[in-house]
Protein chains: 2
Amino acid sequence: MKLHTYFRSSAAYRVRIALQLKGIGYDPAFVHLTRGGGEQHGPVFRALNPSELVPVLETDDGAVLSQSLAIIEWLEETHPSPPLLAQDPTTRAQIRAFALAIACDIHPLNNLRVLQYLKRNLGQEQATIDAWYRHWIGVGLPPLEAILQRAGGAGPFCFGAEPSLADICLVPQLANARRYACPLDALPLLLRAEAACRALPAFQAAAPEAQPDAA
Amino acid sequence: MKLHTYFRSSAAYRVRIALQLKGIGYDPAFVHLTRGGGEQHGPVFRALNPSELVPVLETDDGAVLSQSLAIIEWLEETHPSPPLLAQDPTTRAQIRAFALAIACDIHPLNNLRVLQYLKRNLGQEQATIDAWYRHWIGVGLPPLEAILQRAGGAGPFCFGAEPSLADICLVPQLANARRYACPLDALPLLLRAEAACRALPAFQAAAPEAQPDAA
């Protein structure tokens, strides 16, 4: 398999974690999202993914898959062990909802192209853009803490004793939150899950700073 | 089942379509997203979903499910007929990627709370907000047309002869595009799928204008 990735992309980071957790080897293809206006906008990458977004996974039988959560569901269906979702439908739905609350309602608002639009098209100052970034994290993470509190699980991961799709989405989002100095003290269950993840070699190997294309 | 819904919410609209396609009856609970500052922000709804977003599905065994795509995956797992995803993992991944390209990369950027932030916090004029809205649709839909062109399917739906999760996400997004007068002429395969959907009673019954809470 070949993964088109960028070290700092949260979406690519999610797929790297899933691949590592499942022990699936892959060839990385590096797509630099800011150099030369962004390699994802060039003709080579656009021919692969018209949406001009990483990650893209090329499978061994030639399929070209995009969207991190679709790729991870594909990995789950084709390489089911270890599982990244629970067995019962209700818990699966709760794990997916947690993941989607990050992947739909936090991350896209803070994506590179959105920050660029705020700056270039709306002429916003960096301080206003930083406040925007922190706003959506500040709105998005506390409900996830509340959901875990209500579920009352023993942890240490979001939904039990093993990492799931929820943790895979949480860790990159918390890395972003730290980059922008967002306050995290009121999120003990999220931090507990993150700490448990960071202790695992799979999460360590997938981290941005461990990637060959890290700046 | 009880569905907490708002007639104009694209995410609730997706779940309404899925329920109708699968022939699952439900009790609607209406959450008015703008009246009184937004009923989704009140204590009653927040106790149900700390993220303060519709839809929420309360299942017959008391589970509270949020996030439209997580709810639809749960419906697919618990009520598999008719299927909303293909059988083979690669096509499932392509359907999910199409759905996520809308649910992550177009819709959240044009959500009510984002438009409110642009207006209230960034002091943007309505014309600038409208341009923002059209920008993300203009960036997001053509790649989906390209993906369908490349797949070369016979249609009429996005991925074959029956509607799937892709169509369920497409139809509400195109309704939004029309509300903001986005040009759609260059998207013939998307329009073909939409027309096929709109001819189905399930899509008609789920449409915003058919809801009891429509203004």
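How many residue pairs are in polar contact between chain B and chain A, counting pairs where both are at pLDDT 80 or more? The count is 12. Keep in mind as you look around that this is a predicted model, and let us begin where the two chains meet.

On the chain B side, the elements that give two or more residues to the surface touching chain A are α2 (43–48), β4 (64–66), α3 (68–78), α4 (89–103), α5 (112–120) and α6 (126–151). Of these, α6(B) provides the largest share, with 10 residues. If you sort the chain B residues on this side by character, you will find 29 nonpolar, 8 polar and 8 charged.

Now take both partners together. The contact draws 45 residues from chain B and 45 residues from chain A. Between them, the two chains bury about 4,100 Å², and 64% of that area is on carbon and sulfur atoms. Three residues are worth picking out on chain B: Q67(B), R113(B) and Y117(B) supply 14% of the area that chain B buries against chain A, more than any other three residues.

Charged pairs take part in this contact as well, with 6 salt bridges counted between chain B and chain A. For one to find on screen, look at E77(B) and R92(A), whose side chains meet in a salt bridge at 2.9 Å, N to O.

Next, let us turn to a charged residue in chain B, D167(B), which is found in helix α7 (residues 165–179). Is D167(B) buried or exposed? D167(B) is buried, yet it has no salt bridge. The nearest side chain of opposite charge belongs to R192(B), 8.8 Å away. What the side chain of D167(B) does reach is the backbone nitrogen of S164(B), at 2.9 Å. Leaving aside residues up to four places away in sequence, D167(B) touches F157(B), C158(B), E162(B), P172(B), A193(B), C197(B) and F203(B).

Our last stop is in chain A, at P208(A), in the segment after α9 (201–206). Why does P208(A) count as buried? Its relative accessibility is 17%, and the cut-off for buried is under 20%. Setting aside residues up to four places away in sequence, P208(A) touches F7(A), Y13(A), R16(A) and A214(A). For a sense of distance, try G25(A) too: P208(A) and G25(A) are 183 residues apart along the chain, and their C-alpha atoms are separated by 17 Å.

Definitions and conventions
Residues numbered from 1 in each chain as written. Chains lettered and ligands numbered in written order. Predicted model: local features only at pLDDT ≥ 70, side-chain atom pairs only at ≥ 80, totals over all residues. Heavy atoms only, no water. Contact = heavy atoms within 4.5 Å. Buried area = accessible area lost by both parts, 1.4 Å probe. Salt bridge = Lys/Arg side-chain N within 4 Å of Asp/Glu carboxyl O. Polar contact = N/O pair within 3.5 Å; in protein donor to acceptor, adjacent residues only side chain to side chain. Helix = DSSP H or I, 4+ residues; strand = E, 2+ residues; numbered from the N terminus. Nonpolar A, V, L, I, M, F, W, Y, C, P; charged D, E, K, R; others polar. Buried < 20%, exposed > 50% of the residue type's maximum accessible area, 1.4 Å probe, protein only. Lys, Arg positive; Asp, Glu negative; His and termini not counted.
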